[in-house]
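Below are some questions on how the strands and helices of this model were assigned and paired. Each reply sets the value against its definition.

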Amino acid sequence: GHIKFDYTNAMIQPHEYTNLKKQVELAHQMLHEGNGPGNDYIGWLDYPENFNREEYERIKASAKRIASNSDVLIVIGIGGSYLGAKTVIDALSHTFYNELPKEKRKGPKIYFAGHQISGTYLTELLEMIQDQDVSLNVISKSGTTTEPAIAFRVLKKALEDKYGKEGVKSRIYATTDSENGALRKLANAEGYESFVIPANVGGRYSVLTPVGLLPIAAAGIDVDALMAGAAEGMKEYGNPNVDENPAYQYALVRNVLYRKGKAIEALVNYEPSMAFLSEWWMQLFGESEGKDGKGLFPTKLNNTTDLHSMGQMVQDGPRHLFETVVRVEAFEKDIVIESDALNLDGLNYLSGKTMSYVNDNAFKGTLEAHLDGNVPNCVISMSQKDAFTLGKLLYFFMKACGISGYVLGVNPFDQPGVEAYKKNMFRLLGK
Ligand code: PA5
């Protein structure tokens, strides 16, 4: 599976690209020599080759155990501790995965919790799982994040009531720091199966670590292929030659556009199963770059849906936006539009055409329209939607993000601003 980056419609001139090349080369040096800001958080860089194989096998074995004794796996985490897993599961599983009968699913139903503080959500989740066998994967690097901690306390109690204090222990999987935090203490004290979030990998760069891998494997997705794709990405996007490195070109072009006054980048898709990728990408770039008063504001457009809501704004609103389209080139599943004798709906001009052909022309037509409207467009194409290519795409974005942050002049690996709301909330709650 390949990833291509096309910036022919980014509305930048060749010299603008050339002028920023040196900065990208310098960013490459800083990242690979490990002497840039945040260099104690670059464990993700060579992770696709240097991960812990013993633990990796234990993840696969745990996924099997969950599938054998559970109807439902609840994944508890927030931010970097859930976005990656949900992205991959959404992209690669059946659209109605949780609604499929058991024999048509490759694993338990997967639900997420602890990514907000809603009592309604958790109450209704508890209602829904009442008569089902459940396992929990609680994921928190710090082990102290309020949202997942509350959800875990509630769900653990519900499971204890059902399986008993001992019985519940074989249904809880904890993914956290190797030494620090309340969750590590709890996991050690209770003897839960546990996995390590490497200290040198931040949440938003952790999708390929146990953080993402256990839920992804539990959903029956081929994690070997995902990791192999990431490893290929690691090689390809480690190429210091910007002209041969699409991830570096993406980092470069978005920095040119930022400096030309673009304030917003929308990640656009034409495929609902790829929509959540934008959420993961928004955290990755938003949390990496939004600091020191700088950074592109990352947002998303789900097409063609949003062409009927946000389309007007993109076409004719303020010109502070550019788009990066993630395009899937070939689909396994498709529908041919058949001809209809009466043609009352007037759709016979599409007879014999596939829906993906129509969708692709919607993409092309939109691209043309937005260029007419002065909205620069970058296109990232993935050859197909499978585990290998997605693994490569995730690595593409992480690599591009690290480089882009260095070119912007920020530390792309810290997130001091995330603490501000917590301080106030804790004060108000009397912690
Ligand atoms: O990227 C980040 O640091 C955050 O989004 C965290 O992933 C999020 O706050 C969850 O943190 P933790 O895994 O410590 O519970």
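**Sheets and packing**

An open sheet with mixed pairing holds five strands, in the order β1-β10-β9-β7-β8. The model is predicted: local features need pLDDT of at least 70, side-chain atom pairs count only at pLDDT 80 or more, and totals for chains, interfaces and linings use all residues. Residues are numbered from 1 along each chain as its sequence is written.

Q: Why are β1 and β8 said to stand at the edges?
A: β1 (3–6) and β8 (297–302) each have a single partner strand, so one side of each is left without a neighbour in the sheet.

Q: What makes β9 and β10 a pair?
A: Two strands pair if DSSP finds at least two bridges between them. Strand β9 (residues 321–330) and strand β10 (residues 377–384) are joined by seven bridges and run parallel, so they count as a pair. One bridge links Glu323 to Asn377 in β10.

Q: Why is residues 275–289 called a helix, α11?
A: Helices are DSSP runs of H or I with at least four residues, strands are runs of E with at least two, and both are numbered from the N terminus. Helix α11 spans residues 275–289, so the length requirement is met.

Q: At what angle does α11 run to β8?
A: The angle is about 175°, on a scale from 0 to 180 degrees between N-to-C directions, with axes fitted to C-alpha atoms, for helices over the stretch in contact (C-beta atoms, placed from the backbone, within 7 Å).

Q: What is the strand order in the parallel sheet?
A: Its five strands follow the order β3-β2-β4-β5-β6.

Definitions and conventions: Two residues are in contact if their C-beta atoms, placed from the backbone, lie within 7 Å.
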